[in-house]
Amino acid sequence: MKLMKYLAIVLLGILVLFTSGCAPKINTITKGEKFPKMYDQQPRSLLILPPMNESTDAEAKDYYMTTVEMPFALMGYYVMPVEIVNDVMKQEGITNTEMLYDLPLNKLQEYFGADAVLYTRIKKWDTSYMVVASHLTVSVDSEIVSTKTSEKLWSYNGTVVQDLTNRSNGGGGLAELIVNVIATAINTATADYVKYARIANIKLTSSVPTGPYHESHMKDQGIQIIDQIPVK
Amino acid sequence: MKKILKKVKYIVPVIAVIILAGCAPQPAKPLYNYAGYSDSYYAYKKNMTPESTLQLEKSIEEAINGTENSRSGRVAPGMHANLGYLYLKAGKPNEAIASFTIEKTVYPESTLFMDKLITRIKASEGTKK
């Protein structure tokens, strides 16, 4: 019996370790409590606007844009095809994202007929490289705003920090250090941000109440999510 | 003692599965089959060539024809519209209109936007004649 008690404690410990791996911040809240307006308004369609690039990488916008449609569609929403939306807006003379993000919601509603607009802001898309160590960060702020009431229905941040440092387990010494430094430099140069952007998107979209094309639509109010404080 | 250990042997993998499933819920089939769309679209944005365009078109067609590998049995939102847009850029307005029309049928939410696109195509075709 004593053994059982001991095992219970160990298992509990493992559970805590694992879950803390998933979510470093322990504050949780249900989807229903955090985003009640999503359940009130129940938008069916999302107009995904091209992302606002606030990172230091000029290419981030075009590349990140290719990752957004899929995760939101898989959460049960009709998503307007972002490539066509982007080109049509350009043809209409709206050539930069700042102009686009300033457009009145009713204009967007008239043009695309979407129930809500999805804004995405790329906050970070870079690598901090310090020769012996390297970290890649992709961070995206996202929000869904109703085109009917102009209310913010949902907002969340998705951040992924990936360690690109090469650490081989040798005997140490200068030769090994050099090998690691070179490998870290190669990791940094060849890192595919889009791969990490997709992971950041999974973090984002897992907090979205599911849409009408998903089986758990209007049944997921009780799902626990991390109650994050927006990263500035 | 032995009995308990035996029990524990079963409990541990079960807990492991529950924990891992909690990290990444993975149902057997996704809601939609996107085939290689995401990778092809990324490759296309990186480098717009006839090859990457063809690969994107192929991926979309695979997604459209592979709906049995999805929970919904339905093509993903925007797939027909995206295919139609590739047709339009390739100078095939009739095929484009056909694809935009299918998008409307599968997803009525797209009606207003698809009608706008169709009207534009018809208008520019009209001015050509």
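These legends describe close-up views of aromatic rings and of charges over rings in a predicted model.

**View 1. A tyrosine pair between chains A and B**. A search of the whole structure, over all chains, finds 13 aromatic pairs. One of them joins Tyr63(A) and Tyr42(B). The ring centres are 5.3 Å apart, and the planes meet at 80°. The geometry is edge-to-face. Tyr63(A) belongs to helix 4 (residues 60-65) of chain A, and Tyr42(B) to helix 2 (residues 37-46) of chain B, so the contact joins two chains. Both Tyr63(A) and Tyr42(B) are buried.

**View 2. A tyrosine pair within chain A**. Tyr101(A) and Tyr119(A) have ring centres 4.9 Å apart. Their planes stand at 65°; edge-to-face requires over 60 degrees, so this pair is edge-to-face. Tyr101(A) sits in helix 7 (residues 97-102) of chain A. Tyr119(A) sits in strand 5 (residues 116-129) of chain A. The two residues are 18 residues apart, and their pair links distant parts of the chain. Tyr101(A) and Tyr119(A) are both buried.

**View 3. A tyrosine cluster in chain B**. Four residues take part: Tyr32(B), Tyr34(B), Tyr37(B) and Tyr41(B). Ring pairs link them into the cluster.

**View 4. An arginine over a tyrosine ring in chain A**. Arg44(A) lies over the face of Tyr213(A). The distance to the ring centre is 5.4 Å.

**View 5. A lysine of chain B over a tyrosine ring of chain A**. Lys116(B) lies over the face of Tyr111(A). Here the distance to the ring centre is 4.6 Å.

Key:
Residues numbered from 1 in each chain as written. Chains lettered and ligands numbered in written order. Predicted model: local features only at pLDDT ≥ 70, side-chain atom pairs only at ≥ 80, totals over all residues. Heavy atoms only, no water. Phe/Tyr/Trp six-rings, centres within 6.5 Å; stacked < 30°, edge-to-face > 60°. Helix = DSSP H or I, 4+ residues; strand = E, 2+ residues; numbered from the N terminus. Buried < 20%, exposed > 50% of the residue type's maximum accessible area, 1.4 Å probe, protein only. Lys NZ or Arg CZ within 6 Å of the ring centre and 35° of its normal.
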